[in-house]
Structures are given as C-alpha cells and as structure tokens.
Amino acid sequence: MTEKYAELKDRLVVGRKRDGRCVYDEVAKKELVVACLRQGVSVARMAMQHGVNTNLLRTWIAAYQRRIA
C-alpha cells in the first residue's frame, strides 16, 4: 500500500456510533471512491486494505456515480 493510501486509512474512520458502527470522514470516503474508479483497481482489495466492508464500499461508489451522473 502506498503512503497516500496508508494515510487515507488513518483518516477514514473518525468515530463510532453508540451501536458500534463507524462514522466515516466524507472527504476520505470520496478519495477512496475516486481511487476505486481508476482503471484496473480492485474494489475488494481496496476495501480490505482500508478496513471497510466491500459491499459498503460498492454502495459508496454507486451513490457517488449517481451524484455525478
């Protein structure tokens, strides 16, 4: 994992809700989604490297694509 993505992993989770779910930084989420949209990038690998569920990351990607379309 490159330095840029290691730093992104540290910024991604900003807190936890009372029920244990994570609260994510919106800027870091967008950076991760944009990184996943590059040619040849594995969404599953990016999710594993950043400690995010793959289905959650795919949900973020779909929401991002709906917003920019």
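**Exercise 1. Charges**

Determine how far apart the mean positions of the positive and negative charges of the protein are in this predicted model.

*Solution.* Step 1: count the charges of each sign. The protein carries 14 positive and 7 negative charges. Step 2: take the mean position of each group and compare the two points. They are separated by 8 Å.

**Exercise 2. Fold and overall dimensions**

State which secondary-structure elements the protein has, and explain why its radius of gyration agrees with that of a compact globule.

*Solution.* Step 1: list the elements. The protein contains four helices and two strands. Step 2: read them in sequence order. The resulting pattern is α-β-β-α-α-α. Step 3: find the expected radius. For 69 residues, a compact globule would have a radius of gyration near 11 Å. Step 4: compare. The protein has 12 Å, and therefore the value agrees with the expectation. Step 5: add the dimensions along the principal axes. The C-alpha atoms fill a box of roughly 35 × 30 × 20 Å.

**Exercise 3. Surface, burial and contacts**

Describe what share of the residues is buried, what supplies the exposed area, and what share of the contacts joins residues at least 24 apart.

*Solution.* Step 1: consider burial. Of the 69 residues, 28% are buried. Step 2: consider the surface. About 5,000 Å² is exposed, and carbon and sulfur atoms supply 51% of this area. Step 3: consider the contacts between residues at least 6 apart in sequence. Of these, 41% join residues at least 24 apart.

**Exercise 4. The aromatic pair**

Identify the residues of the aromatic pair, its geometry, and the elements that it links.

*Solution.* Step 1: count the pairs. The structure holds one aromatic pair. Step 2: name the partners and describe their arrangement. Y24 and W60 are placed edge-to-face, with 4.9 Å from centre to centre and 75° between the planes. Step 3: locate the partners. Y24 belongs to strand 2 (residues 22–24) and W60 to helix 4 (residues 54–68), so that the pair links distant parts of the chain, 36 residues apart. Step 4: check burial. Y24 and W60 are both buried.

**Exercise 5. The surroundings of Y24 and K29**

Decide whether Y24 and K29 are buried or exposed, and list the contacts of each beyond four places in sequence.

*Solution.* Step 1: apply the cut-off, under 20% relative accessible area for a buried residue. Y24 has 18% and is therefore buried. K29, at 18% relative accessibility, also counts as buried. Step 2: list the contacts of Y24. They are L12, V13, V14, K29, V52, L56 and W60. Step 3: examine one of these partners. L12 is twelve residues from Y24 in sequence, yet their C-alpha atoms are 5.5 Å apart. Step 4: turn to K29. This residue lies in helix 2 and is in contact with L12, Y24 and W60.

**Exercise 6. The surroundings of A35**

Find the element that holds A35, its burial, and its contacts beyond four places in sequence.

*Solution.* Step 1: locate the residue. A35 is part of helix 2 (residues 26–36). Step 2: classify it. Its relative accessibility is 5%, so A35 counts as buried. Step 3: list its partners. A35 touches Y5, V41 and M46. Step 4: compare sequence and space for one partner. M46 is eleven residues from A35 in sequence, and the C-alpha atoms of the two are 8.6 Å apart.

Key
Residues numbered from 1 in each chain as written. Predicted model: local features only at pLDDT ≥ 70, side-chain atom pairs only at ≥ 80, totals over all residues. Heavy atoms only, no water. Rg over C-alpha atoms; globule rule 2.2 N^0.38 Å. Buried < 20%, exposed > 50% of the residue type's maximum accessible area, 1.4 Å probe, protein only. Contact = heavy atoms within 4.5 Å. Areas by Shrake-Rupley, 256 points an atom, 1.4 Å probe, with all protein chains shown as cover. Lys, Arg positive; Asp, Glu negative; His and termini not counted. Charge placed at Lys NZ, Arg CZ, Asp CG, Glu CD. Phe/Tyr/Trp six-rings, centres within 6.5 Å; stacked < 30°, edge-to-face > 60°.
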